[in-house]
Amino acid sequence: MIEVLVSEKLVVRVPCAVIEHNGKVLAGQRSAALSFPLQWEFPGGKLEKGETDEQALFREIMEELNVSVEIIDKLPETSKDQGWREIVLVPFVCKVDTIDFILTEHEQILWLDPDDLPTLDWTEADLNVIKNYYDYLAAKI
Ligand SMILES: Nc1nc2c([nH]c(=O)n2[C@@H]2O[C@H](COP(=O)(O)OP(=O)(O)OP(=O)(O)O)[C@@H](O)[C@H]2O)c(=O)[nH]1
């Protein structure tokens with residue numbers, strides 16, 4: 001029984017948005033009150049029951065930034081073992097009509113040149129997302 005429980009580690013899907021605007025990319029700083037406090041992430045959040053990745057993405061971005069995003073492309077999924085659970089990040093490259101965000105969860109947001117993304121303290125899972133985003137940009141040239 002224990003073996004079954006161990007092998008059935010909780011897997012959490014987390015759609016997130018790599019939002020591009022005028023050549024810059026949006027990074028969000030997690031709240032000091034949340035897990036991974038003050039680390040940087042791509043806005044998004046956990047899938048709720050019955051949702052598709054896209055539905056969860058639209059809902060989370062509306063909740064966190066009060067804007068609608070449009071999906072341009074999907075990046076490879078990347079997973080991170082957090083011990084008691086596995087986080088599967090499902091990143092989408094997105095654009096927005098407006099940058100008049102209302103922040104409801106993040107400490108702050110920053111618009112960065114893609115080259116400057118690694119200067120922030122990202123959650124570990126995001127390092128792969130950034131690498132895959134660079135591959136995506138390189139393939140577009
Ligand atoms: N939205 C988002 N979440 C990320 C990223 N990288 C990463 O490890 N995560 C993790 O994925 C989970 C997303 O959960 P959430 O945003 O819905 O809610 P939360 O912080 O309250 O979750 P938690 O308390 O379960 O950790 C968090 O544990 C968060 O740390 C990322 O780039 N974007």
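**Exercise 1. State what share of the chain is buried, and describe the overall build of the chain.**

Solution. Of the 141 residues in the chain, 26% are buried. The model is a predicted one. Step one is the inventory: the chain holds 3 helices and 7 strands. Placed in sequence order, these elements give the pattern α-β-β-β-α-β-β-β-β-α. Step two is compactness: the radius of gyration is 15 Å and the globule rule gives 14 Å for 141 residues, so the chain is as compact as a globular protein of that length. Step three is extent: the C-alpha trace spans about 55 × 35 × 30 Å along the principal axes. Step four is contact range: among contacts with a separation of 6 or more, 70% are between residues 24 or more positions apart.

**Exercise 2. Find which strands pair with β2, and in which sense.**

Solution. Begin with β1 (residues 10-21): it runs antiparallel to β2 (residues 24-29), and 2 bridges join them. One residue pair here is Glu20 with Val25, the latter in β2. Next take β7 (residues 108-112), which is antiparallel to β2 over 5 bridges. In that pairing, Gly28 has Ile109 of β7 as its bridge partner. Last comes β3 (residues 40-41), antiparallel to β2 and joined to it by 2 bridges. Gly28 appears again in this step, standing opposite Glu41 of β3.

**Exercise 3. Locate Asn22 and Phe36, and compare their phi values and exposure.**

Solution. Asn22 lies in the loop between β1 and β2. The hairpin formed by these strands has 2 residues between them. Phi of Asn22 is positive, about 50°, although the residue is not a glycine. For exposure, the count of other C-beta atoms within 10 Å is needed; a residue with 12 or fewer is exposed. Asn22 has 6, so Asn22 is exposed.

Phe36 is placed in the loop between β2 and β3. Phe36 also has a positive phi, near 50°, and is a residue other than glycine. With 15 other C-beta atoms within 10 Å, Phe36 is partly exposed.

**Exercise 4. Determine how the buried residues of α3 are arranged around the helix, and what they pack against.**

Solution. First the dimensions: α3 (residues 124-140) has 17 residues and reaches 26 Å from first to last C-alpha, close to the 24 Å expected at 1.5 Å a residue. Then list the buried positions: Ala125, Asp126, Val129, Ile130 and Tyr133. Viewed down the helix axis, these residues fall within an arc of 135°, so they line one face of α3. On the other side, Glu124, Asp135, Ala138 and Ala139 are exposed. Finally, the packing partners of the buried residues are β1, β3, β5 (78-81) and β6 (85-96).

**Exercise 5. Give the domain annotation and the secondary structure content of its range.**

Solution. An unreviewed UniProt entry places the feature "domain: Nudix hydrolase" at residues 9-134. The annotation comes from that record and may be inferred rather than shown by experiment. Over residues 9-134 the chain is 19% helix and 37% strand. The end C-alpha atoms of this range are 31 Å apart.

Conventions
Residues are numbered from 1 along each chain as its sequence is written. This is a predicted model: local features need pLDDT of at least 70, side-chain atom pairs count only at pLDDT 80 or more; totals for chains, interfaces and linings use all residues. Two strands pair if DSSP finds at least two bridges between them. Helices (H or I, at least four residues) and strands (E, at least two) are DSSP runs, numbered from the N terminus. The radius of gyration is taken over C-alpha atoms; the globule rule is 2.2 Å times the number of residues to the power 0.38. A residue is buried if 20 or more other C-beta atoms lie within 10 Å of its own, exposed if 12 or fewer, and partly exposed in between; C-beta atoms are placed from the backbone. Two residues are in contact if their C-beta atoms, placed from the backbone, lie within 7 Å. The expected span of a helix is 1.5 Å times one less than its number of residues. The arc is that of the directions from the helix axis to the C-beta atoms.
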